[in-house]
Amino acid sequence: MSKPKVFVTRKIPDKGFELVKDFCDVDLWTGDLPPSRDELLQHARGVEGVLCLLTDLFDGDMMDAIGPQLKVISNFAVGCDNIDVLAATARGISVGNTPDVLTDVTADFAFALMMSAGRRIPEADCYARSGAWKTWQPMALLGLEMKGATLGLLGFGRVGKAMARRAAGFDMRVIYYDPLETKSPSDARATRVEFETLLEESDFLSLHTPLTDETRHVIAADALSKMKPNAVLVNTSRGPVVDLEALYRALEEKRIFAAGLDVTEPEPLPLNHPLFALDNIIVTPHIASSSKAARDKMAWIAAKNLIAGLKGERLPNCFNPRL
Ligand code: DGY
């Protein structure tokens, strides 16, 4: 029996790729950079399934151009803002994602960014390497303390809750605002507050919200103006949640203390972006989930989702609201 044709848009860990190869007739994009829209279409036209990354955009036009045989788009990510899920659902195409397996590693990284920005670790490393370190100084590179500080979480889903668990070990107070919360809050480790209060009271504000029309640029000039002068902003969610022009002005004018961004708009952040000229920001290249264990598990789940979709079964991790 012939195997179903699929397009895999980048090399993924063998843990998942082996499963895909066993079950499917695979066209693998071997480039280090994502396929362009034209290249994506050229390779995906006529396939029954696609295993893609968050850098590959799938809108309704793309789905139609691939063809009516397309059964499943399996995203190698938990966030699916690169896929028009409503358009997929309307066409009966299953969309899969990879939740849970990257929750802790992402929270670890957000915490590391928070502490690195608050304690100025990259700046201190540059200071030591540059020869500026002449002696021990009572007031060199003064940073912020975690104990007793308020951690504010925008978004209280899986990663937000994992942040709250970590914060307990640092004796922090935790508050959160979750625009998507539908049930009444019930987590003893964190107190729900309004968005304004979150901005006004957080010493560390960490973003854990999906990118939606409501959350796009939710952290812009107005929100930043409400934050404490000593606040640290950390984003490991999606770049467009933060307006980087407004963030640049806030950091440059020292209206907030520092920021740590693992995600930016655009990605990659161009080298000539003004943010790179500032000392009080850390930028990392969207690596919060980047541990070998997490990426292996993401690959495995993405493969399982793909194969289930090809078989016409419900995906183990289905992102469509109904299907
Ligand atoms: C995701 O999965 O959505 C992350 O941004 C990448 O791991």
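The following questions and answers introduce a predicted model, beginning with its ligand and moving outward through the chain.

Q: Which residues lie around the ligand?
A: The model is a predicted one. By class, the shell of the ligand holds five nonpolar, three polar and one charged residues. Its members are Leu54, Ala77, Val78, Gly79, Leu102, Arg238, His286, Ser289 and Met298.

Q: Which residue places a polar side-chain atom 2.6 Å from an oxygen atom of the ligand?
A: Val78 approaches an oxygen atom of the ligand with a backbone N or O atom, at 2.7 Å. Gly79 likewise uses a backbone N or O atom, at 2.9 Å. The side-chain approach at 2.6 Å belongs to Ser289.

Q: How much of the accessible area of the ligand does the protein cover?
A: Contacts to ligand oxygen include the one from a polar side-chain atom of Ser289, at 2.6 Å. On its own, the ligand has 230 Å² of accessible area, and the covered share of this is 89%.

Q: Is Leu102, one of the residues around the ligand, buried or exposed?
A: Leu102 sits in the loop between strand S5 (94-96) and helix H5 (103-118). Leaving aside neighbours within four places in sequence, its contacts are Val78, Ser289 and Met298. The relative accessible area of Leu102 is 6%, and a residue under 20% counts as buried, so Leu102 is buried.

Q: How far apart do the C-alpha centres of domain 1 and domain 2 lie?
A: The domain assignment gives domain 1 as 5-101 + 293-310 and domain 2 as 103-283. Nine residues from domain 1 and five residues from domain 2 take part in the contact. The distance between the two C-alpha centres is 31 Å.

Q: Which backbone oxygen lies 2.7 Å from a polar atom of the side chain of Ser116?
A: Ser116 belongs to helix H5 and is buried, at 17% relative accessibility. Not counting residues up to four places away in sequence, Ser116 touches Ile121, Pro122 and Ile282. The backbone oxygen at 2.7 Å from its side chain is that of Ala112.

Q: Which backbone oxygen does the side chain of Asn280 reach?
A: Asn280 lies in the loop between strand S11 (258-261) and strand S12 (281-283), and its relative accessibility of 12% makes it buried. Apart from neighbours within four places in sequence, its contacts are Leu251, Lys254, Ile256, Phe257, Ala258 and Ala259. At 3.4 Å, its side chain reaches the backbone oxygen of Phe257.

Q: What is the omega of the cis peptide bond that joins Glu267 and Pro268?
A: Most peptide bonds are trans. The bond from Glu265 to Pro266 is cis, with omega near 5 degrees, and Pro266 is found in the loop between S11 and S12. Pro268 also has its place in the loop between S11 and S12. For the cis bond between Glu267 and Pro268, omega is about -5 degrees.

Q: What is the phi of Arg120?
A: Most residues other than glycine have a negative phi. Arg120 is in the loop between H5 and helix H6 (121-130), and at 21% relative accessibility Arg120 is partly exposed. Although Arg120 is not a glycine, its phi is positive, at about 60 degrees.

Q: Where is His286 placed?
A: His286 is among the residues around the ligand. His286 is not a glycine, yet it has a positive phi of about 55 degrees. Its place is in the loop between S12 and helix H11 (292-310).

Methods: Residues numbered from 1 in each chain as written. Predicted model: local features only at pLDDT ≥ 70, side-chain atom pairs only at ≥ 80, totals over all residues. Heavy atoms only, no water. Near = heavy atom within 4 Å. Polar contact = N/O pair within 3.5 Å; in protein donor to acceptor, adjacent residues only side chain to side chain. Areas by Shrake-Rupley, 256 points an atom, 1.4 Å probe, with all protein chains shown as cover. Nonpolar A, V, L, I, M, F, W, Y, C, P; charged D, E, K, R; others polar. Helix = DSSP H or I, 4+ residues; strand = E, 2+ residues; numbered from the N terminus. Buried < 20%, exposed > 50% of the residue type's maximum accessible area, 1.4 Å probe, protein only. Contact = heavy atoms within 4.5 Å. Domains from an automatic or database assignment.
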